[in-house]
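Colleague: I should like to go through this model with you, element by element. May we begin with a single residue and then turn to the sheets and helices?

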Amino acid sequence: MTMEFTDRVTRVEPSATLAISALATELEADGADVVDLSVGEPDFPTPQNIVDAGQEAMDAGHTGYTTSAGILELREAISQKLADDGLDHGTDEIIVTPGAKQALYEIVSALVQDGDEVVLLDPAWVSYEAMVKMAGGSLSRVDLSPHDFQLEPALDELSDAVSDDTELLIVNSPSNPTGAVYSDAALEGVRDLAVEHDVTVISDEIYKEITYGVEPTSLGTLEGMADRTVTVNGFSKAYSMTGWRLGYFAGPEELIDQAGKLHSHSVSSAVNFVQHAGIEALENTDEAVEEMVEAFEGRRDLVVDLLAEHDVDVAVPDGAFYMMLPVDDDDQAWCEGAIEDAHVATVPGSAFGTPGYARISYAASEERLREGIERLAAEGYL
Ligand code: PLP
């Protein structure tokens with residue numbers, strides 16, 4: 001008997017990252033000074049040219065419904081961006097969504113049916129598991145934590161996890177929560193398995209623009225992957241636009257048609273003037289993105305050094321703005337204690353499928369990062 005959708009939703013946990021942020025906000029409302037290292041959003045304002053473009057679009061009356069897949073000019077700009085990354089997608093293979101999260105939800109819902117197997121690389125971003133469960137899929141998980149969160153040394157384990165029963169594999173590089181960027185050899189290993197077992201792969205590239213000295217390869221550029229890869233990206237992280245809610249996915253036309261039905265019947269379209277601001281983001285914001293990435297790199301180095309002073313070694317991330325801090329086996333208790341005793345908010349690794357760690361976001365000022373680490377040390381958490 002198939003499980004009803006309502007039952008599936010009942011069994012899914014709310015987002016752990018959003019729950020911790022809510023707790024931090026609650027403590028702050030009670031007067032506590034919380035160093036919030038739990039947030040998954042850049043602490044920079046949206047670049048002014050993007051804000052201006054959004055305002056101008058509103059003034060120009062771009063406030064009505066748009067084509068469900070998104071305005072053509074934005075899809076053209078996205079098509080060009082993908083081409084710059086080596087991916088060939090015409091505008092009819094792109095759907096613009098209110099955030100990458102919605103894009104992922106639509107793809108997973110369109111692809112996964114009751115009992116279908118989906119492979120995740122742990123630690124994996126919190127919402128993948130929930131989306132798969134809500135679609136009725138089952139999970140097979142590969143733990144990258146023994147390999148400093150890298151995929152290449154775990155290809156044998158991945159090979160054991162992927163079979164002809166696998167419908168979908170989700171790859172997220174640079175990764176949330178580890179910041180790992182997977183090597184080309186790792187991605188080629190993914191390709192070989194996907195081709196052998198006829199698996200569709202989601203390549204969640206939302207942190208692609210935020211890397212430090214490495215250039216991540218888009219999975220869909222590898223030979224044999226163009227017609228089995230769905231590339232997901234969005235504006236939240238690279239352009240500091242989390243609240244604008246703008247993302248997209250691009251993939252084989254058949255899947256776009258199927259997911260497009262879901263899209264048109266659930267969200268109609270992304271917000272009109274926000275889509276106009278998205279064109280400006282893609283076309284004229286390189287310098288602001290570069291500055292932000294440089295700032296993140298400096299903070300990464302600072303946190304790694306400060307932790308080393310307390311004899312804590314971490315797998316140094318090459319991208320995104322997260323790192324995994326090794327903590328007690330009971331990471332939930334560690335995180336609860338850290339927020340209660342030190343007023344430092346982090347996210348338990350178990351929320352990402354990897355107990356024994358806490359995720360730190362270094363999307364905070366250097367001063368707050370220092371303060372947070374000092375407090376954790378002073379309260380005996382390091
Ligand atoms: N994918 C990953 C790996 C993320 O970390 C996030 C946000 O935290 C998203 C997708 C969704 O981003 P948004 O919906 O803000 O575009």
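**Residues, strands and helices in the predicted model**

Modeller: At 25% relative accessibility, Ser-109 counts as partly exposed. The model is a predicted one.

Colleague: In which helix is the place of Ser-109, and how far apart in space are Ser-109 and Met-134, C-alpha to C-alpha?

Modeller: Ser-109 belongs to helix H5, which covers residues 100-111. Along the sequence, Ser-109 and Met-134 are 25 residues apart. In space, the separation of Ser-109 and Met-134 from C-alpha to C-alpha is 8.2 Å.

Colleague: What is the order of the strands in the open sheet of seven strands?

Modeller: The pairing in this open sheet is mixed. Strand E2 (94-97) and E4 stand at its edges; each has a single partner strand, so one side of each is left without a neighbour in the sheet. On average, and with direction ignored, neighbouring strands of the sheet are turned by 20 degrees against each other. The order of the seven strands is E2-E8-E7-E6-E5-E3-E4.

Colleague: Which residues point one way from E3, and which the other way?

Modeller: In a regular strand the side chains alternate between the two faces of the sheet. Strand E3, residues 117-122, is mostly covered, with six of its six residues buried. One way point Glu-117, Val-119 and Leu-121, and the other way point Val-118, Leu-120 and Asp-122.

Colleague: Over how many bridges do E3 and strand E4 pair, and which residue in E4 stands opposite Val-119?

Modeller: E3 and E4 (residues 138-143) are paired in the parallel sense, and the number of bridges is six. Opposite Val-119 in E4 stands Ser-140.

Colleague: What is the handedness of the β-α-β crossover from E3 to E4?

Modeller: Between E3 and E4 the chain passes through helix H6, residues 126-134. H6 lies across E3, E4, E5 and strand E6 (200-204), and its direction is at about 155 degrees to that of E4. The β-α-β crossover from E3 through H6 to E4 is right-handed.

Colleague: What is the bridge partner of Glu-117 in E5, and which residue in E5 stands opposite Val-118?

Modeller: E3 and strand E5 (residues 166-172) pair in the parallel sense over four bridges. The bridge partner of Glu-117 in E5 is Thr-166. Val-118 has Leu-168 opposite in E5.

Colleague: Is the peptide bond from Asp-122 to Pro-123 cis or trans, and which peptide bond precedes Pro-174?

Modeller: Pro-123 has its place in the loop between E3 and H6, and the peptide bond from Asp-122 to Pro-123 has omega near -5 degrees and is cis. Pro-174 lies in the loop between E5 and helix H8 (184-197). Ser-173 and Pro-174 are joined, with omega about -5 degrees, by a peptide bond that is cis.

Colleague: Are H4 and H10 roughly parallel or roughly antiparallel to each other, and is their crossing left-handed or right-handed?

Modeller: The axes of helix H4 (residues 72-84) and helix H10 (residues 272-284) come within 9 Å and cross at roughly 30 degrees. Angles under 35 degrees count as roughly parallel, and H4 and H10 are therefore roughly parallel to each other. Glu-73, Leu-74, Ala-77, Ile-78 and Lys-81 in H4 meet Gln-275, Gly-278, Ile-279, Leu-282 and Glu-283 in H10. The crossing of H4 and H10 is left-handed.

Colleague: In the open sheet of three strands, which strands stand at the edges, and which residue in E12 stands opposite Met-324?

Modeller: The three strands follow the order E9-E12-E11 with antiparallel pairing. Strand E9 (322-326) and strand E11 (347-348) are at the edges with a single partner strand each, so one side of each is left without a neighbour in the sheet. E9 and strand E12 (residues 357-361) pair over five bridges in the antiparallel sense. The residue opposite Met-324 in E12 is Arg-359.

Colleague: What is the phi of Ser-268, and what is the phi of His-343?

Modeller: Ser-268 is placed in the loop between helix H9 (253-266) and H10, and with 32% relative accessibility Ser-268 counts as partly exposed. His-343 is in the loop between helix H12 (331-341) and strand E10 (344-345), and is partly exposed with a relative accessible area of 23%. For Ser-268, a residue other than glycine, phi is positive and near 60 degrees. For His-343, which is not a glycine, phi is also positive, at about 55 degrees.

Definitions and conventions
Residues are numbered from 1 along each chain as its sequence is written. This is a predicted model: local features need pLDDT of at least 70, side-chain atom pairs count only at pLDDT 80 or more; totals for chains, interfaces and linings use all residues. Side-chain values use heavy atoms; hydrogens and water are left out. Buried means under 20% relative accessible area, exposed over 50%, partly exposed in between (1.4 Å probe, protein chains only). Helices (H or I, at least four residues) and strands (E, at least two) are DSSP runs, numbered from the N terminus. Two strands pair if DSSP finds at least two bridges between them. A crossover is right-handed if, with the strands pointing away from the viewer, the path from the first strand over the helix to the second runs clockwise. Axes are lines fitted to C-alpha atoms, for helices over the stretch in contact, and angles run from 0 to 180 degrees between N-to-C directions. Angles under 35 degrees count as roughly parallel, over 145 as roughly antiparallel, 65 to 115 as roughly perpendicular and the rest as oblique. A crossing is left-handed if the near helix is turned anticlockwise from the far one by less than a right angle, and right-handed if clockwise. Contact means heavy atoms within 4.5 Å.
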